[in-house]
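Work through the exercises below with the structure in view. Try each task before reading its solution.

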Amino acid sequence: MIPNLAVTVAGIQMRNPVMVASGTFGYGQEYADFVDINRLGAIVVKGITREPWKGNATPRIYETPSGMLNAIGLQNVGVRAFLSEKLPYLRQFDVPVIVNICGKTTQEYIDVVTMLEGSQGIAAVEVNISCPNIECGGMSFGTDPDLAHDLIQAVRQVTDLPLLVKLSPNVTDVRQIARAVENAGADGISAINTLLGMAVDIDKRRPVLANVTGGLSGPAIKPVALRVVYQVAQVVNIPIIGMGGIMSGRDAFEFLLAGASAVAVGTANFVRPDASLCVIDELRQLLQQQQVQDLHEVIGGLNLPEGKRLCDI
Amino acid sequence: MKRYDVDALILEHRRVAEDHYWMRLDSDAIGQNARPGQFIHLQVSSGTVPLLRRPLTVYRRSSGSFEVLYQVLGQGTRLLSNTKPGETLRVLGPLGNHFRVLEHIRTALVVGGGAGIASLMLLVEELIRREIPVIVLLGAQRASRLVAIEDLETLGVDMRVATDDGSRGHQGFVTELAEEVLRDGLSNRVVYGCGPTPMMQALSDITQRYGVSTQLALESYMGCALGVCLGCMVRIRRNGIIQHMRVCTEGPIFDAEEIVW
Ligand SMILES: Cc1cc2nc3c(=O)[nH]c(=O)nc-3n(C[C@H](O)[C@H](O)[C@H](O)COP(=O)(O)OP(=O)(O)OC[C@H]3O[C@@H](n4cnc5c(N)ncnc54)[C@H](O)[C@@H]3O)c2cc1C
Ligand SMILES: Cc1cc2nc3c(=O)[nH]c(=O)nc-3n(C[C@H](O)[C@H](O)[C@H](O)COP(=O)(O)O)c2cc1C
């Protein structure tokens with residue numbers, strides 16, 4: 001019996017729960033030699049802003065044990081070029097396209113969403129309120145419940161597209177932010193974005209990254225990501241897309257149990273271009289081994305130790 | 001051009017100089033398709049440390065296999081140096097742009113510093129095939145770290161060597177040899193170079209002074225190698241504007257005069 005992997009998350013119908021994470025799969029085309037895109041659950045494209053962004057100075061990436069730091073600075077082609085040059089390519093596939101967006105002000109977010117609104121072939125918008133790289137932008141929205149609430153409420157008013165909100169783990173209590181964006185009308189939550197980190201070069205006595213700090217991703221952050229997904233799942237009723245260090249079907253399974261309805265594969269795409277497909281195949285195998293007939297049987301299906309509840313974590 | 005991600009069997013692997021190794025891998029896809037200066041992205045660990053792959057240029061190729069020549073620098077290349085014939089490695093490639101050999105070129109000067117010669121060997125072979133006279137200049141810290149000498153000798157090219165300590169050839173920098181050659185002022189000459197950044201920068205200064213067109217193979221810390229992560233950018237001045245360009249896809253070969261060091 002082959003388990004049913006299909007799932008609908010925030011109105012996005014997916015043939016399986018495995019997406020590719022924003023910024024790690026470009027606009028799809030770059031990976032077409034390696035991945036049959038029609039097999040993916042969904043594609044989340046690189047973060048888009050109202051105007052093209054040039055990104056940060058170099059060095060922008062650095063490898064750390066089981067992970068990497070990046071301070072790309074959201075370099076992207078801007079929403080106009082995205083619509084005219086990137087989106088048409090993605091329309092040929094039978095896969096939901098989720099557009100990740102970012103901005104420095106509420107108005108910038110509103111403008112990007114307004115421009116996406118009328119276009120064919122967009123399944124949902126993922127609002128990045130958590131990018132740690134932009135001095136005055138993303139970070140502040142994602143770390144304050146009121147700012148996050150007001151931003152999502154403003155964006156909600158200008159679009160009927162499903163809204164996913166991507167949370168930053170760099171906060172004291174992620175549950176407050178999660179509740180705030182749910183109240184503001186979010187349809188789902190993506191968690192997590194990268195963890196703020198840093199690397200030091202002792203010979204030059206300088207930070208390795210030109211931006212000084214950067215976002216940590218990869219297997220190193222998986223325990224943190226699982227904890228965040230678990231915590232958020234306790235306090236919201238909207239679905240969660242779990243991500244952070246997923247390299248295998250087993251990792252994906254862990255996120256589903258912790259409360260995610262779907263997952264995204266990020267940095268693993270850099271290690272194996274076909275990582276997302278490997279995750280799908282292995283997840284299917286594991287579910288089959290455990291005689292699971294439908295994915296929904298395992299979502300949030302964690303058995304907690306006797307007496308352990310939310311207040312204990 | 002199509003790129004492949006394949007398991008490649010290690011056919012031969014040996015130390016060829018102090019801290020330098022040479023390896024031949026079984027792969028039709030890369031052996032047949034790699035062009036001069038193109039590279040592969042190699043998985044050096046089956047675990048998560050190091051997590052990312054390591055870029056290495058295709059040193060030579062044949063229909064069924066290809067070779068790499070590399071220097072042990074850190075953890076990744078150290079692990080790689082411990083792999084043995086019979087094991088397989090995941091290889092992504094061929095990647096990047098390639099050296100351009102234009103029709104009007106009369107003579108070529110190829111300048112390699114350290115393991116940089118690894119990026120230039122396929123080019124030297126192509127120049128010879130196209131009967132373009134070529135001089136190869138090879139630099140290293142000392143004689144024990146010189147690589148590719150025998151392979152170049154087999155090709156019968158005009159080769160000159162410089163070592164920092166004078167243990168072989170000219171004592172000094174390989175860029176000094178380059179300047180010596182350029183002084184004769186021949187026209188329709190092209191310079192190709194690869195090596196440590198300070199060497200390439202010095203080479204670029206010299207060749208621009210002599211007004212000689214120069215292509216350099218740049219290195220950079222690399223993530224995906226497919227143009228997605230935007231981590232490996234260098235600054236390039238093109239059409240009067242300075243822009244970030246990806247070493248992995250718009251490079252690794254750039255015109256020296258465009259590079260903003
Ligand atoms: C397109 C391309 C082609 C290359 N071809 C070859 C080749 O044919 N032969 C060869 O010997 N090397 C080549 N290199 C360089 C090679 O990829 C690095 O030496 C290697 O990745 C180092 O990995 P490591 O884990 O051993 O060192 P790490 O532990 O990653 O680093 C050790 C030290 O090396 C420095 N370093 C790491 N990567 C680079 C880099 N890309 N450029 C400059 N310094 C670096 C680090 O800053 C650190 O100081 C190439 C690089 C690129 C981008
Ligand atoms: C190079 C790089 C670029 C990224 N760009 C974006 C982005 O544009 N927008 C965004 O919301 N997240 C971005 N992310 C974060 C990822 O989508 C993901 O949330 C994070 O890396 C954790 O997952 P992982 O450990 O599987 O990579 C980026 C991550 C990396 C490594």
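The exercises that follow deal with two ligands and one residue of a predicted model.

**Exercise 1.** Find where ligand 2 lies and which residues are closest to ligand 2.

Solution.
- Step 1. Locate the ligand: ligand 2 lies between chains A and B.
- Step 2. List its surroundings. There are 22 residues around ligand 2, and the closest are Ser22(A), Lys166(A), Gly218(A), Gly245(A) and Thr267(A).
- Step 3. Sort the shell by residue type: six residues are nonpolar, 14 are polar and two are charged.

**Exercise 2.** Which polar atoms of Lys46(A), Asn100(A) and Gly218(A) lie by ligand 2, and how much of the ligand does the protein bury?

Solution.
- Step 1. Take the side chains. Lys46(A) has a polar side-chain atom 3.2 Å from a nitrogen atom of ligand 2. In Asn100(A), a side-chain N or O atom is 2.8 Å from an oxygen atom of the ligand.
- Step 2. Take the backbone. A backbone N or O atom of Gly218(A) is 2.8 Å from an oxygen atom of ligand 2.
- Step 3. Look at the surface. Ligand 2 taken alone exposes 610 Å², and the protein buries 97% of that area.
- Step 4. Look at the space: the largest cavity is the space taken by ligand 2.

**Exercise 3.** Decide whether Gln75(A) is buried or exposed, and find a polar contact of its side chain.

Solution.
- Step 1. Place the residue. Gln75(A) is in the chain A loop between β6 (67-70) and α1 (79-91).
- Step 2. Compare its area with the cut-off. Gln75(A) has a relative accessible area of 15%, and buried means under 20%, so Gln75(A) counts as buried.
- Step 3. Find the partner: the side chain of Gln75(A) makes a polar contact of 2.7 Å with the side chain of Arg60(A).

**Exercise 4.** Describe the shell around ligand 1 and name the element that gives the most to it.

Solution.
- Step 1. List the surroundings. Ligand 1 is surrounded by 19 residues, the closest being Arg54(B), Pro55(B), Gln71(B), Gly76(B) and Thr77(B).
- Step 2. Check atom pairs. A side-chain N or O atom of Arg54(B) is 2.7 Å from an oxygen atom of ligand 1. A polar side-chain atom of Thr57(B) lies 3.0 Å from a nitrogen atom of the ligand.
- Step 3. Look at the surface. Alone, ligand 1 exposes 880 Å², of which the protein buries 77%.
- Step 4. Assign the elements. In chain B, β4 (54-57), β6 (65-71) and α2 (75-81) each give two or more residues to the shell. β4(B) gives the most, with four residues.
- Step 5. Sort by type: 10 residues of the shell are nonpolar, seven are polar and two are charged.

Key: Residues numbered from 1 in each chain as written. Chains lettered and ligands numbered in written order. Predicted model: local features only at pLDDT ≥ 70, side-chain atom pairs only at ≥ 80, totals over all residues. Heavy atoms only, no water. Near = heavy atom within 4 Å. Polar contact = N/O pair within 3.5 Å; in protein donor to acceptor, adjacent residues only side chain to side chain. Areas by Shrake-Rupley, 256 points an atom, 1.4 Å probe, with all protein chains shown as cover. 1 Å grid on protein atoms, 1.4 Å probe; cavity = no way out; pocket = protein on both sides within 12 Å on 5 of 7 lines; lining within 4 Å. Sits in = over half its atoms within 2 Å of the grid points. Nonpolar A, V, L, I, M, F, W, Y, C, P; charged D, E, K, R; others polar. Buried < 20%, exposed > 50% of the residue type's maximum accessible area, 1.4 Å probe, protein only.
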